[in-house]
There are 2 protein chains.
Amino acid sequence: MYTTSEEDHLKAIFKIAEKEKKAVSTNSIAAFLNTAPASVTDMIKKLSEKELILYQKYKGVTLSPIGSKIAIQLIRKHRLWEVFLAEKLGFPWESVHELAEKLEHVDSDELINKLEEFLNFPKYDPHGDPIPNVDGKFTLRTQWSIAEFLPGQTGVLIGVKEHDKNFLLYLNDMQIKLGSQIKVLHKNNYDQSLRVLIEGRFENLITKNVAQQLLVKKA
Amino acid sequence: MYTTSEEDHLKAIFKIAEKEKKAVSTNSIAAFLNTAPASVTDMIKKLSEKELILYQKYKGVTLSPIGSKIAIQLIRKHRLWEVFLAEKLGFPWESVHELAEKLEHVDSDELINKLEEFLNFPKYDPHGDPIPNVDGKFTLRTQWSIAEFLPGQTGVLIGVKEHDKNFLLYLNDMQIKLGSQIKVLHKNNYDQSLRVLIEGRFENLITKNVAQQLLVKKA
DNA sequence: AAATATTTTTAGAGTAGTCTAAAATATGTC
DNA sequence: GACATATTTTAGACTACTCTAAAAATATTT
């Protein structure tokens, strides 16, 4: 239906728009996809002609309802494949993204719906990101970053904001994974770094920035 | 590593060479892949420069050892995905091929090796075709076509030569699937058509041509 | 072995995606 | 609000893959 490049651009626009509320700039898409801005302009024209995005020269783009639906279905495919790779094939969470990037472009609604059923309709992927259902609906939940917790409070990790491989490997080293109990022991008043206790066993110091990436529910 | 088109050409050459023993002609590849002969010539040049095939103008091509290895790994990927689709996701045997054609081009040895493990190292795909192991070795077995059987003899279906969707749907209608017991009741001396009994329950007349596509072991 | 038919290759062109460099437009600052 | 800076688009080029039509080579027929 759509080329891999078209799909990548739609997904990039969706993801950038999630954070910034304004129209998505050519440069930001180029940075996201690691391509030249001129290439993005070309693709933008194409997507605009197909009415998948709304585009005014020099003013950035926003997704049309159809474009948005396509992007969400891509995210659905990506995250379901991630669950498959992690849960069924045993890939660690830091390596599922790369493979899912390729698998998500395999075009078949029937395949993805059967995969979802096989996986028992998971609501979150291995990084704790919500998986849209067949209608594009995300299952949201209340969550805090551990940085918001006070000394003495305990959280259970339900997601990570940062998906960088090295960040995830760093968490592995600290025995932090989804489901881990994290108790805040002490907060440094100078730089907001936290002393935390993982699973009641491993003590570690994490920076404010790291803490902000760790999404938890109250234990 | 290699483009989808390169891979498709290598696989086509391998499959055609399996049947005919001589060098593979441009036209036969074009017919196999549903492309123009001129397109095949272009791709042949490219593959020849990469030393994946041996090519002499107007004389057809043969796979080099490297080209052969790539083709076999593709067949491995294709058939493992077919097993996954049929056994884990519940796709019928007549529809797995199409999806596997797309999945086989996802490039990751680690993925395919973990998939193989997850599937418990299957030796045959949903059509009974052997799956090469990680070293490219096929597990062969003694097999007959049911057309070779005499009245009174019984076979168990272990494979089909013909993979056409309509042929497989026709077998579905007759309750014939891998593992089915097929007893030859009578052979027509004029056209070699067979009267067969499926699973001791369903009687059917099959043409000589159909019988030749049904690969069985002795019951 | 010449004429004919078939197969294969070459030539030239089109689509899709990407790039660099230059031009056009928008933005921020004094 | 003019000017410097940053962003975005245009122009032109390149790679990869595909096609049709014509030319070249090979194979077949008589």
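# A viewer tour from one loop to two DNA strands

Select N188(B) to begin: N188(B) lies in the loop of chain B between strand 5 (181-187) and strand 6 (194-198). Keep in mind along the way that this is a predicted model. N188(B) counts as exposed, because 12 C-beta neighbours fall inside 10 Å and a residue with 12 or fewer is classed that way. Now add K208(B) to the selection. N188(B) and K208(B) are 20 residues apart along the chain, and their C-alpha atoms are separated by 9.4 Å.

**Two backbone stops in chain B**

Stay with loops a little longer, and look at backbone angles. Most residues other than glycine have a negative phi. Pick Y58(B), where phi is positive, near 70°, in a residue that is not glycine. Y58(B) sits in the loop that runs between strand 1 (53-55) and strand 2 (61-63) of chain B. With 7 other C-beta atoms within 10 Å, Y58(B) is exposed.

Then move to F121(B), which also is not a glycine and has a positive phi of about 50°. Look for F121(B) in the loop between helix 6 and strand 3 (144-145) of chain B. Is F121(B) buried or exposed? F121(B) is exposed, with 11 other C-beta atoms within 10 Å.

**Into the core**

Next, select I146(A), L214(A), I146(B) and L214(B). Of the 63 residues in the largest nonpolar core, these four touch the most other members. Zoom in on L214(B) and show what surrounds it. Setting aside residues up to four places away in sequence, L214(B) touches S145(B), I146(B), L157(B), V160(B) and I182(B).

**One whole chain**

Hide chain B for a moment and show chain A as a cartoon. You should find eight helices and eight strands in chain A. Along its principal axes, the C-alpha trace of chain A spans about 55 × 45 × 25 Å. Colour chain A by burial, and 31% of its 219 residues come up as buried. Of the contacts in chain A between residues at least 6 apart in sequence, 57% join residues at least 24 apart.

Now colour by domain. The domain assignment of chain A gives domain 1 (4-63) and domain 2 (144-218). Place a marker at the centre of each, taken over C-alpha atoms, and 34 Å separate domain 1 of chain A from domain 2 of chain A.

**Bringing the second copy back**

Show both chains again and superpose them. A turn of 180° with a shift of 0.0 Å along the axis lays chain B on chain A with an RMSD of 0.0 Å. The two copies are therefore related as by a two-fold rotation axis. Which residue of chain B comes closest to the rotation axis? Select L103(B), whose C-alpha is at 3.7 Å.

Next, highlight where the two chains meet. The contact takes 13 residues from chain A and twelve residues from chain B. On the side of chain B that touches chain A, helix 5 (96-103) and helix 6 (109-118) of chain B each supply at least two residues. Helix 6 of chain B has the largest share of that side, four residues. By class, the side of chain B that touches chain A has seven nonpolar, two polar and three charged residues. The same surface serves both copies, as 100% of the contact residues of chain B recur in chain A.

**Around DNA strand C**

Now select DNA strand C and the 21 residues around it, of which T3(A), A38(A), S25(B), N27(B) and A38(B) come nearest. Helix 1 (4-19) and helix 3 (37-49) of chain A give two or more residues each to this surface, as do helix 2 (26-33) and helix 3 (37-49) of chain B. The largest share, five residues, comes from helix 3 of chain A. Colour the surface near DNA strand C by class to find eight nonpolar, nine polar and four charged residues.

**Around DNA strand D**

Finish at DNA strand D, which 21 residues surround, the closest being S25(A), N27(A), T3(B), A38(B) and S39(B). Here helix 2 (26-33) and helix 3 of chain A each supply at least two residues, together with helix 1 (4-19) and helix 3 of chain B. Which helix gives the most to the surface near DNA strand D? Highlight helix 3 of chain B, with five residues. The residues of the surface near DNA strand D divide into eight nonpolar, nine polar and four charged.

Notes:
Residues numbered from 1 in each chain as written. Chains lettered and ligands numbered in written order. Predicted model: local features only at pLDDT ≥ 70, side-chain atom pairs only at ≥ 80, totals over all residues. Near = placed C-beta within 6 Å. Nonpolar A, V, L, I, M, F, W, Y, C, P; charged D, E, K, R; others polar. Contact = placed C-beta atoms within 7 Å. Domains from an automatic or database assignment. Core = buried A, V, L, I, M, F, W, Y, C linked by C-beta atoms within 7 Å. Buried ≥ 20, exposed ≤ 12 C-beta atoms within 10 Å, placed from the backbone. Least-squares fit on C-alpha atoms with pLDDT ≥ 70 in both.
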